[in-house]
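Please open the structure in a viewer and prepare to select residues by number. The tour below proceeds stop by stop, with a short account of what is found at each one.

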Amino acid sequence: APDDLASKQESLKQLEKERIDLDKKIADLKIEIGLLDSNAVAEKPKGILVTTQPIRKKKFEHFVEVQGAAASRENIQLSAEMGGMVQKVLVKEGDKVSKGQLIVQLDASLIRNNIAELKTALDLATTTYQKQKKLWDQKIGSEMQYLQAKNQKESLEKKLVTANTQLSKMQVKSPISGSIDEVFIRIGEMAAPGLPIARIVNLNRIYMRSDISEAYVGSFQKGDSVWVEFPSLNIEESTRITAVGQFINPNNRTFKVEVSLDNTANQYKPNMLGLIKLRDMVKDNALVVPTKYIENVKGHHFVYVVNKENGQDLARQVKIELGPAYNGESLIVSGLTENQQLITEGFRGVKNGDLIDIKQL
């Protein structure tokens, strides 16, 4: 049995060798026939089907994208400086108001009564002072009586000024022009210092602020052009940097960048999320390829290009050095030249040296 197995294995090796020799002879014969017979059509070897695109130079821009929220410089919660019962609420949500416009009237009856009493007392004190002064000018009476009368008059004058100031504070007025976003109080409720009465927002002065990585310190300056995008509104607009922070936050190693927004149409609202795009690099005549056609193996990047050899199109692997990437495109620092044919669709199915068949698009 072992002799039979060895004999059969030897016969198989012999037949395989004969088959290889026959295949070579057949292939050589087909080539000779094709050379001798003008009517014969030689078989074209089939390659891997791929598509290609020429590598071109173009303008490449790189942007740093950070998230931010719109905010208003004039977004305040209005509160009363004096406590009192709400007598009138003169605005409602959505109303436009001007600076100095009356928003809420508090009950000021006690203060008015106090003012009336002070005026009466001041009239008497003024008369007393005038008489004492006249007597003192004539060296009649004591200096103490004159000084007491003067002090009483001046004290009541100061109290009257204070009372009138308190009376004015019972009228809560808007410190800015804007819109009433929310009213927090109703007629009959008690207002107290520090408790919000209404929120007033001026949407004409909208800005956006965001944190930028410390790695970009020095990359952006006040006045640089930026782009702001609000996905919820499907809006993208160009604006400028209005401020660049000079302080690095030690907690997250970032600095602040602020941009202004044109809000004449009142489309932006406070706390609306958006995206700030800051350009940190621009290069003309740069070699750029779509990032999706670049392969990365253990930190080495390469692409496949078409190389014509002996009349055939072969896939050749080319190692490249990459620059930054943005919006689906990568900057090529070295490894490629303009007008090379980059293998695109089908690039994952080829290996270095594979025969390829280019599909015409």
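**First stop: a loop between two helices**

Begin by selecting K139, which counts as exposed because its relative accessibility is 66%, where the cut-off for exposed is over 50%. The model is a predicted one. K139 belongs to the loop between α2 and α3. Its backbone deserves attention: the phi of K139 is near 60 degrees, a positive value in a residue that is not glycine.

**Second stop: the helices on either side**

Next, select residues 109-137, which form helix α2, and residues 143-169, which form helix α3. How are two packed helices described? The description rests on the angle between their axes and the distance between the axes. Here the angle is about 155 degrees, and the axes of α2 and α3 lie 8 Å apart. Helix α2 is therefore roughly antiparallel to α3, since angles over 145 degrees are placed in that class. The crossing of α2 past α3 is left-handed. Colouring the contact between α2 and α3 by residue type shows 14 nonpolar, eight polar and eight charged residues.

Within helix α2, select I111. Is I111 buried or exposed? I111 is buried, because its relative accessible area is 12% and the cut-off for buried is under 20%. Now add N164 to the selection: I111 and N164 are separated by 53 residues in sequence, while their C-alpha atoms are 8.2 Å apart in space.

**Third stop: the largest nonpolar core**

In soluble globular proteins, nonpolar side chains tend to be buried together. In this model, the largest nonpolar core comprises 26 residues. To find it, select I103, V104, L106, V172, A191 and I197, the residues with the most contacts inside this core. The elements that contribute two or more residues are β6 (102-106), α2, α3 and β10 (196-213). Which element gives the most to this core? It is α2, with five residues.

**Fourth stop: strand β4 and its partners**

Select residues 84-89, strand β4, together with residues 190-191, strand β9; the two run antiparallel and are joined by two bridges. G84 is found opposite A191 of β9, and A191 was already selected at the core as one of the residues with the most contacts there.

Strand β4 also runs antiparallel to β6, to which three bridges join it. Select V89 and V104 to see one such pairing: V104, in β6, is the bridge partner of V89. V104 likewise appeared among the core residues with the most contacts.

**Fifth stop: strand β18 and its neighbours**

Move on to residues 329-334, strand β18, and residues 273-290, strand β14; these antiparallel strands are joined by three bridges. V289 stands opposite S330 in β18.

Then select residues 312-326, strand β17, which pairs with β18 in the antiparallel sense over four bridges. E321 has S334 of β18 as its bridge partner. Together β17 and β18 form a hairpin, with two residues between them. In the turn, N327 has a positive phi of about 55 degrees.

**Last stop: another loop residue with positive phi**

Finally, select K298, in the loop between β15 (295-297) and β16 (300-309). K298 has a positive phi of about 55 degrees although it is not a glycine. Is K298 buried or exposed? K298 is exposed, because its relative accessible area is 81%.

Technical notes
Residues numbered from 1 in each chain as written. Predicted model: local features only at pLDDT ≥ 70, side-chain atom pairs only at ≥ 80, totals over all residues. Heavy atoms only, no water. Axes fitted to C-alpha atoms, helices over the stretch in contact; angles between N-to-C directions. Parallel < 35°, antiparallel > 145°, perpendicular 65-115°, else oblique. Left-handed = near helix turned anticlockwise from the far one by under 90°. Nonpolar A, V, L, I, M, F, W, Y, C, P; charged D, E, K, R; others polar. Pairing = 2+ DSSP bridges. Core = buried A, V, L, I, M, F, W, Y, C linked by side-chain atoms within 4.5 Å. Buried < 20%, exposed > 50% of the residue type's maximum accessible area, 1.4 Å probe, protein only.
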